[in-house]
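This report describes how the strands of one sheet are arranged. Please look at the structure before reading on.

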Amino acid sequence: MIQIQNLIKAYNKEIVLNIPELTIEKGEIFGLVGNNGAGKTTMFNIVLDLITASKGQVVSKGIVVRESEDWKDFTGAFIDESFLIGYLTAEEYFAFIAGLRRMSKTETADFLNGFADFFNGEILGKKKFIRDLSKGNQKKVGIVAALMGKPEIVVLDEPFANLDPSSQYKLRKLIKDFANANGTTFLISDHTLENIADVSTRLIILEKGKIVRDVPKTETTLQEVEAFFKPVVEADVF
Ligand SMILES: Nc1ncnc2c1ncn2[C@@H]1O[C@H](COP(=O)(O)OP(=O)(O)OP(=O)(O)O)[C@@H](O)[C@H]1O
């Protein structure tokens, strides 16, 4: 579904992403983890043609994302708040995205109804501009907007960050149910290992721009990933 080929991104000769080959299959929930600065957002930004690779390319369903815009029809994404329009209410923003996704008013209303529990009564019907919503609620708007039109590929950068614990559990279920119902391919990054290990069918660990582990979903995925990140405990120095 998505092929990454000889991908390199460098800033001032410093290589921040170096992925010679990676294929993400249709229906995979692809989880990306790595410490700060590992290159997760850089990878997603290149997949979405938000930044240009120094070398190599991303091919999405046979389309080189740098060369054609056709991938936009089947791709939804939420990277950060720059995807939102602060002076709109959530309803206005969803109507705007619905227009892009060619969804009717009824389809949009039905679709949004399905997220009532996730919204927890704090997003729709509040007459609040998106800029005035809390960080977590802004994130919910962005995530749901990315799912509108049921795109085949959905890219979410740190979707669990800023969500309260209940919402994190709801989001885990929501992503898994959505993928099961629609065969969606998800690309998700996060720092909460429990969340990302729970939703992903495959986990990749990125370190200094390189893939250092490619872990399929098993019963021990979480332990394996936790062991990777757990600092080695040294003798007490204090
Ligand atoms: N415009 C830029 N100019 C210079 N360096 C950049 C630029 N954008 C990103 N970088 C560098 O690229 C590296 C990868 O950054 P990236 O944001 O992809 O990491 P990340 O894994 O998403 O980190 P985090 O977990 O902190 O969000 C970092 O060292 C960052 O400083």
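Two strands count as paired if DSSP finds at least two bridges between them. The model discussed here is predicted.

In this model, strand 9 and strand 10 form a hairpin, with 2 residues between them. K208 lies in the turn and has a positive phi of about 45°. The hairpin belongs to an open sheet of 6 strands, whose order is 6-7-8-3-9-10 and whose pairing is mixed.

Which strands stand at the edges of the sheet? They are strand 6 (75-78) and strand 10 (210-216). Each has a single partner strand, so one side of each is left without a neighbour in the sheet. On average, neighbouring strands of the sheet are turned by 15° against each other, direction ignored.

Strand 9 (residues 202-207) pairs with strand 10 and is also joined to strand 3 (residues 29-33). The table sets out both pairings.

| Strands | Sense | Bridges | A pair of residues |
|---|---|---|---|
| Strand 9 and strand 10 | antiparallel | 6 bridges | R202 and P216 |
| Strand 3 and strand 9 | parallel | 4 bridges | V33 and I205 |

In the antiparallel pairing, P216 in strand 10 is the bridge partner of R202. In the parallel pairing, I205 in strand 9 stands opposite V33.

A helix lies across part of the sheet as well. Helix 5 (residues 135-147) crosses strand 6 and strand 7 (153-157). The angle at which helix 5 runs to strand 6 is about 175°.

Conventions. Residues numbered from 1 in each chain as written. Predicted model: local features only at pLDDT ≥ 70, side-chain atom pairs only at ≥ 80, totals over all residues. Axes fitted to C-alpha atoms, helices over the stretch in contact; angles between N-to-C directions. Contact = placed C-beta atoms within 7 Å.
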